[in-house]
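Reader: I am in my first year of study and would be grateful for a close look at a single part of this structure. Please begin with one loop position and then continue to its surroundings.

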Amino acid sequence: MRALVLALLTVLLAACTQVPLAEPPPAAPEPTAQPEPSEIVVGVEDLGAGFNPHLLAHSSPLTTAVAALVLPSVFRPGADGVPQLDRTIATSAEVVSTDPFTVSYELNLEASWSTNTPIAAEDFVYLWEQMRADPGVADAAGYRMITDVRSRAGGKAVDVVFDAPYPAWQGLFSDLLPAHLLKDAPGSWIGATTGGLPASGGPFRIATVDPGRGEVVLARNDTYWDTPAVLDTLVLRRLDDAAMATGLAAGDVDVALAEADPAIRTALGGLSPVPRTQLAPLPTVTQLGLRSADGPLRDARARQGLAALLDREAIRLSVAPEALPADAFGLAPSEPGYAASAPEGAPARPDPIAAEQLLRSAGWTRDASGNWAADGGPVSLVIGSAAERTEDGRVARLVAAQLTAAGIDATAVESPAAQLFVQGSAPAGEITTTTAPTTTPPSSTPPATTAAAPTTAPPPDGGVAVDVIVGPRTVGAAPGTELASDYGCALPSAVVPEPPSTPTGFCFPALQLLLESLAAGSGEDDPTRFATAERVLWVQLPALPLFQPVSLVVSSPAADAATGIAPGPLTEGPLAGAARWGEPAR
């Protein structure tokens with residue numbers, strides 16, 4: 001018995017001291033697939049000439065779209081078009097004094113550029129300085145009324161002082177630019193924004209610009225202080241009509257912003273499922289700027305006679321059949337309150353008999369062959385358009401053809417947009433079939449209908465002055481501001497002693513006081529004052545309005561469901577809400 005107990009104890013002791021078996025190593029976790037970056041591809045007609053939304057040379061649907069997503073604005077248009085304070089940029093903005101008229105801005109302390117530099121007073125100062133003194137800008141009248149921009153609170157508060165009450169002040173300081181990067185950049189804000197924008201103050205940033213591939217990629221701005229964009233990337237890809245339709249059918253393109261014309265509708269006609277299409281007017285009016293400072297068109301009667309030779313409706317139908325006919329100098333056809341102000345006959349309508357009378361009264365003569373002459377020689381007109389704006393080029397060629405058929409030697413030429421809209425000139429080497437137009441007015445006294453204006457110096461770099469400039473006139477701001485910006489005289493001031501003139505050099509002193517009063521809001525409740533300005537402009541004819549271009553917004557059913565894309569506010573366009581878009585189901 002004792003032996004049995006000892007044996008059992010030995011067994012138990014051995015069991016207690018036995019080394020336990022090692023546990024097997026944990027199984028390696030199954031690799032998880034990383035989600036593909038969310039992306040939407042938008043087909044566009046072209047990439048434009050640059051990305052500065054304040055320059056006429058850079059005006060394009062793509063520039064408008066990029067600015068709305070990348071650049072900060074103190075106010076943005078609401079659903080009803082009324083400006084709404086963007087509190088991601090400014091916590092308050094209000095008039096704090098009427099003598100002098102002063103607006104105070106309190107900036108969001110978190111608002112900063114993607115370089116981690118605060119969005120601050122220096123950005124306000126920079127935009128003001130550029131807009132008041134640089135040529136080729138859009139909607140500058142309000143900025144020219146500013147006499148001082150003062151910084152407070154370490155740059156996070158700004159006081160803006162005006163020389164007169166300016167009720168449209170909420171339209172200022174939109175699309176701010178990064179002063180800390182641009183103020184000393186080579187080429188300033190023209191050269192430095194041609195290939196992109198150096199910093200972002202919005203939910204997206206420009207990641208790449210590839211002109212060769214025809215592609216601009218916007219990526220989520222990871223330094224954005226407010227609600228981040230849902231999408232990782234937004235790809236803007238240059239495509240022709242056929243490629244847009246093919247891409248939409250294959251799912252490689254989600255949204256297309258095409259020029260509204262029969263060609264794109266034909267290309268989309270066979271797609272199934274049928275994409276959604278919406279018309280979106282652009283914030284510009286295509287017009288013919290008529291050089292009035294000197295040359296063959298310095299007399300208002302010559303400008304009227306030229307316009308009376310042109311069939312504007314035929315030009316529109318040939319170039320942009322779905323565009324909206326424009327018959328006013330202020331509001332665009334798509335804007336509330338628009339009304340045609342054009343006279344019943346010439347110069348708004350073609351009238352060869354009236355044209356002959358007007359041109360002869362301006363001193364022009366016709367030879368036995370029916371060709372027009374002035375200033376002792378044949379009239380030779382240069383019709384200029386920006387090389388980056390293909391639609392404008394088609395307009396220029398049609399204008400030249402109509403004038404040539406009427407006995408006026410006219411040549412259509414293309415120039416770099418920055419040269420055309422800043423200098424109003426074309427490269428001399430392109431003018432091979434005509435004699436360069438004279439730039440020296442005759443000694444005779446200008447008629448009463450002609451503005452007294454200094455002779456324009458010859459264009460630099462051997463360029464040739466352009467007599468008719470095909471280009472955009474921006475719309476969407478306050479009507480008084482638009483009129484004063486586009487047709488007011490470039491008057492010197494203590495702040496800007498040598499202001500730039502427009503490329504056409506138009507100045508009609510008798511109209512200046514009325515334009516200034518309209519910019520200051522004096523005519524807001526008096527439509528007759530606007531009507532008076534329109535009537536004078538139709539007589540002086542600094543430009544001939546043609547049409548408001550319209551884009552066709554095309555979206556696949558999946559993209560339509562994921563984005564809810566719409567034409568958007570006039571000044572921001574269909575991509576304005578892209579920060580909230582989701583990725584379409586693939």
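Author: In this predicted model, D86 is in contact with S73, V74, F75 and R76, when its neighbours within four places in sequence are left aside. The residue itself belongs to the loop that links strand 3 (83-85) to strand 4 (90-98). Is D86 buried or exposed? The cut-off for buried is under 20% relative accessible area. D86 has a relative accessibility of 14%, and therefore it counts as buried.

The chain then continues into strand 4, which spans residues 90-98. Strand 4 and strand 5 form a hairpin, with two residues between them. The two strands run antiparallel and are joined by seven bridges. Within this pairing, S97 stands opposite T102 of strand 5.

Strand 5 comprises residues 101-107 and is mostly covered, with six of its seven residues buried. Strand 5 also pairs with strand 7 (residues 157-162), again in the antiparallel sense, over five bridges. Here V103 is the residue that stands opposite V160 in strand 7. As a general point, side chains in a regular strand alternate between the two faces of the sheet.

The interior of the model may be considered next. The largest nonpolar core has 73 residues, and Y105, F162, F173, L218, L234 and L575 are those with the most contacts inside it. Apart from residues up to four places away in sequence, L575 touches V42, A65, L69, L234, L236, L257, I565 and W581. A second, separate core has 53 residues, among them L297, L309, V395 and L546.

Helix 10 offers a further example of burial. In this helix (residues 312-319), the buried residues are R312, I315, R316 and V319. They line one face of helix 10, because they fall within an arc of 95° when seen down its axis. In general, residues three or four places apart point the same way, because an α-helix has 3.6 residues a turn. The cover over the buried residues of helix 10 includes strand 11 (255-259), strand 14 (324-325), helix 12 (390-405) and strand 23. At the N-terminal end, D311 acts as a cap: one of its side-chain oxygens lies 3.3 Å from the backbone nitrogen of E313.

Helix 16 also has a buried set, made up of F530, A533, E534, L537, W538 and Q540. These residues are on the same side of helix 16, because they cover an arc of only 165° around the axis. They pack against helix 9 (300-309), helix 14 (479-487), helix 15 (509-519) and strand 23 (543-548).

Key: Residues are numbered from 1 along each chain as its sequence is written. This is a predicted model: local features need pLDDT of at least 70, side-chain atom pairs count only at pLDDT 80 or more; totals for chains, interfaces and linings use all residues. Side-chain values use heavy atoms; hydrogens and water are left out. Helices (H or I, at least four residues) and strands (E, at least two) are DSSP runs, numbered from the N terminus. Buried means under 20% relative accessible area, exposed over 50%, partly exposed in between (1.4 Å probe, protein chains only). Contact means heavy atoms within 4.5 Å. The arc is that of the directions from the helix axis to the C-beta atoms. A nonpolar core is a set of buried Ala, Val, Leu, Ile, Met, Phe, Trp, Tyr and Cys residues joined through side-chain atoms within 4.5 Å. A polar contact is a pair of N or O atoms within 3.5 Å; within protein, one must be able to donate a hydrogen and the other to accept it, and residues adjacent in sequence count only if both atoms are side-chain atoms. Two strands pair if DSSP finds at least two bridges between them.
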